[in-house]
Every structure is written in C-alpha cells, then in structure tokens.
Amino acid sequence: MSPSSPLATDRPAVLVIAATDSSGGAGLIRDVRVLTDHSVDALCVVTAVTAQSNARVLAVHHVPPDVIRTQISAALETRSVSAIKIGMLGTRATVDAVVDGLVSIANEIPIVLDPVLVSSSGGVLLDGEGRRALLERLIPRVSLVTPNVPEAAALLEEPVAQDEAGLIQQGRRLVERGARAVLLKGGHWSGAEATDLLIARAEVAPQAVVRIMSSRVTGSSRGTGCALASSIAAGL
Ligand code: PLP
C-alpha cells in the first residue's frame with residue numbers, strides 16, 4: 001500500500017493548474033492560500049516559473065509539455081478532486097498539454113478557467129498563439145471562464161467593450177465558443193459599485209444575465225483574479 005498524504009484526506013480537494021509568482025502575490029501561492037482559507041486541499045500542476053516583483057515580470061520559464069501532462073496524471077491518480085482551477089498557461093504548447101492531460105476526465109469534474117493574459121505590472125503572461133488555443137481548445141471544455149473587461153475583448157480579438165450591453169454581447173460570444181458559463185468581472189470600470197455579469201448556457205441558468213454587485217474597493221491589489229477563481233473552485 002502506498003503512503004497517504006500528510007494532509008487531511010477527508011477534505012475536498014481542488015487541482016490547481018497554474019504558475020508560480022516569486023513575489024507571492026499571485027499565481028499558485030495565492031490559489032493555495034485561498035483554498036486553505038476555504039478548508040479545501042490543493043493538488044498542483046506547475047505550468048511555469050515566473051520571476052516577478054509587484055512592479056515587473058523579470059523572467060518566465062515554461063515547464064515542458066510532457067512534464068505538465070505527467071503532473072496532471074500523477075495528481076489525478078493520487079486522489080479524487082472535486083474541481084479544477086486553471087490559471088496562467090503562457091504558451092500554446094502549455095494550453096495543448098493541459099487540454100490533452102484532462103482528456104481522461106471528460107466532463108466529470110468542473111473546471112474554472114481564469115484567462116490570465118497580462119500581469120497588473122504589464123508583463124505578458126500568455127502569448128498570441130496561446131490566446132487563440134485557449135479560445136479554440138480550452139474554453140469549450142470549461143464550466144466557467146472568468147475574464148475581466150480587457151480579457152474578454154482580447155480573447156475574442158475585439159475592441160474593449162465600452163458599456164454593459166457591449167460586454168454582455170462579448171460574454172454571449174464566449175458562451176457560443178463553448179464555455180458553460182462566463183463571469184465577466186467589471187472591476188475595470190468606474191463607479192461606486194463593481195458589477196460582475198454571469199452569463200450561462202440556457203440549460204445551465206435560465207436567466208439571461210445575473211448581475212453581482214459589490215462596493216468598489218479603491219486601490220489595486222495583486223492576484224485578485226486568481227483569488228476569485230480559486231474561491232469559486234472551492235465552492236464547487
Ligand atoms: N503571475 C501569475 C503567475 C499569475 O498566475 C497571475 C494571475 O493569475 C498574475 C501574475 C497576474 O496577477 P496580477 O494581476 O496580480 O499581476
């Protein structure tokens with residue numbers, strides 16, 4: 001019999017597929033902290049190692065695709081996971097490795113995808129080919145994708161939406177591309193309230209658009225997209 005993990009194995013677990021951030025503000029460390037806050041265990045697949053401070057991205061080392069696929073199969077054979085959270089992927093080769101690595105789970109496990117494109121310091125975290133692969137190969141597999149306003153536009157290769165109606169149209173187009181649901185994060189817009197919009201396939205949620213409003217927090221913080229997607233995965 002193989003030895004069991006020192007972690008409590010009766011707690012639910014989320015598989016996190018993400019990159020490390022040496023500043024600790026975003027990425028895998030942030031994800032694991034949030035999951036721990038929700039009393040959920042984390043299994044991990046490292047897609048890239050990044051050297052970052054809060055002000056800049058200094059270097060990115062992409063993990064080879066075969067090592068990514070092997071991490072996924074090793075994690076899935078370790079214990080059952082209740083959800084998968086996907087963060088920074090970096091390149092098309094990594095997107096392909098993740099899609100291929102997840103083939104065995106078909107549609108059995110909910111997947112939350114945070115489409116990480118750039119850091120708040122301006123560093124590119126997914127190249128153009130990778131972005132297209134995300135839209136063509138990964139988004140059709142996910143339960144929920146969580147773009148902010150500029151990410152929704154970049155994924156669709158369209159101009160940034162100028163109003164809520166335009167953003168809803170982009171959300172619908174992402175659902176048409178195969179995501180079961182899209183959570184459009186409205187934090188980039190101004191106003192006293194930050195409104196997120198949830199749009200799902202008709203069979204998932206019959207309401208056309210669900211508005212989730214909260215008071216706007218001033219200032220900026222690292223890793224907020226990672227934290228939200230991880231919290232949702234913990235809830236699932
Ligand atoms: N670095 C990594 C490794 C990430 O995964 C993410 C977000 O998911 C970021 C940076 C972006 O975070 P921030 O906007 O806080 O820079």
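Modeller: A salt bridge, as the term is used here, is a side-chain nitrogen of Lys or Arg within 4 Å of a carboxyl oxygen of Asp or Glu. The model we are discussing is predicted, and it holds 14 salt bridges by that definition.

Biologist: Why is the meeting of the side chains of R92 and E136 called a salt bridge?

Modeller: The N to O distance between the side chains of R92 and E136 is 3.7 Å, and because the limit is 4 Å for an Arg nitrogen and a Glu carboxyl oxygen, the pair qualifies. This pair links distant parts of the chain, with R92 in helix α3 (residues 92-101) and E136 in helix α4 (residues 128-138), 44 residues apart.

Biologist: What makes R92 and E136 buried, partly exposed or exposed?

Modeller: The relative accessible area of R92 is 26% and that of E136 is 45%. Buried means under 20% and exposed means over 50%, so values in between are called partly exposed, and that is the class of R92 as well as of E136.

Biologist: How do you know that E129 and R132 meet in a salt bridge, and where do the two residues lie?

Modeller: Their side chains come to 3.5 Å, N to O, which meets the definition because the limit is 4 Å. Both residues lie in helix α4, 3 residues apart, or about one turn of the helix. An α-helix has 3.6 residues a turn, so residues three or four places apart point the same way. E129, at 40% relative accessible area, is partly exposed, and R132, at 32%, is partly exposed too.

Biologist: What makes E158 and R173 a salt bridge, and which parts does the pair tie together?

Modeller: The closest N and O atoms of E158 and R173 are 2.8 Å apart, and the pair is accepted because 4 Å is the cut-off. E158 lies in the loop between α5 (149-156) and α6 (164-176), while R173 belongs to helix α6, so the bridge ties together parts that are 15 residues apart in sequence. With relative accessible areas of 25% for E158 and 31% for R173, both are partly exposed. Elsewhere, salt bridges that share partners join R92, E129, R131, R132, E136 and E157 into one network.

Biologist: Why is helix α3 described as largely enclosed by the rest of the structure?

Modeller: Of the 10 residues of α3, 7 are buried, so the helix is largely enclosed. Those buried residues are T94, V95, D96, A97, V98, V99 and G101, and they pack against β1, β2 (41-52), α2 (65-78), β4 (83-86) and α4.

Biologist: Why does T94 count as buried or exposed?

Modeller: T94 has 1% relative accessibility and therefore counts as buried, the limit being under 20%. T94 lies in helix α3, and, leaving aside its neighbours within four places in sequence, it is in contact with T47, V63, I68 and L89.

Biologist: Why is the approach of the T94 and T91 side chains called a polar contact?

Modeller: The distance joining the two side chains is 3.1 Å, and because a polar contact is a pair of N or O atoms within 3.5 Å, the name applies.

Biologist: Which residues have the most contacts inside the largest nonpolar core?

Modeller: They are I17, I84, I86, L89, L102 and L138, within a core of 63 residues. Strand β1 (residues 13-21) supplies the largest share of this core, 6 residues. Leaving aside its neighbours within four places in sequence, I84 is in contact with L15, I17, L102, I105, I109, P110, I111 and V112. A second, separate core of 5 residues includes A19, A48, M88 and V116.

Biologist: How do you know that β2 and β3 pair?

Modeller: Pairing requires at least two bridges, and β2 and strand β3 (residues 57-62) have 5 bridges in the antiparallel sense. In β3, V60 is the bridge partner of T50, and a hairpin joins β2 to β3 through 4 residues.

Biologist: Which residues come nearest to the ligand?

Modeller: Of the 14 residues around the ligand, Q52, S120, R222, G223 and C226 come nearest.

Biologist: What makes the approach of the Q52 side chain to the ligand a polar contact?

Modeller: An N or O atom in the side chain of Q52 is 2.7 Å from a nitrogen atom of the ligand, and the approach qualifies because the limit for a pair of N or O atoms is 3.5 Å. A polar side-chain atom of R222 lies 3.0 Å from an oxygen atom of the ligand, and a backbone N or O atom of G223 lies 2.5 Å from an oxygen atom of the ligand.

Notes: Residues numbered from 1 in each chain as written. Predicted model: local features only at pLDDT ≥ 70, side-chain atom pairs only at ≥ 80, totals over all residues. Heavy atoms only, no water. Buried < 20%, exposed > 50% of the residue type's maximum accessible area, 1.4 Å probe, protein only. Core = buried A, V, L, I, M, F, W, Y, C linked by side-chain atoms within 4.5 Å. Contact = heavy atoms within 4.5 Å. Polar contact = N/O pair within 3.5 Å; in protein donor to acceptor, adjacent residues only side chain to side chain. Near = heavy atom within 4 Å.
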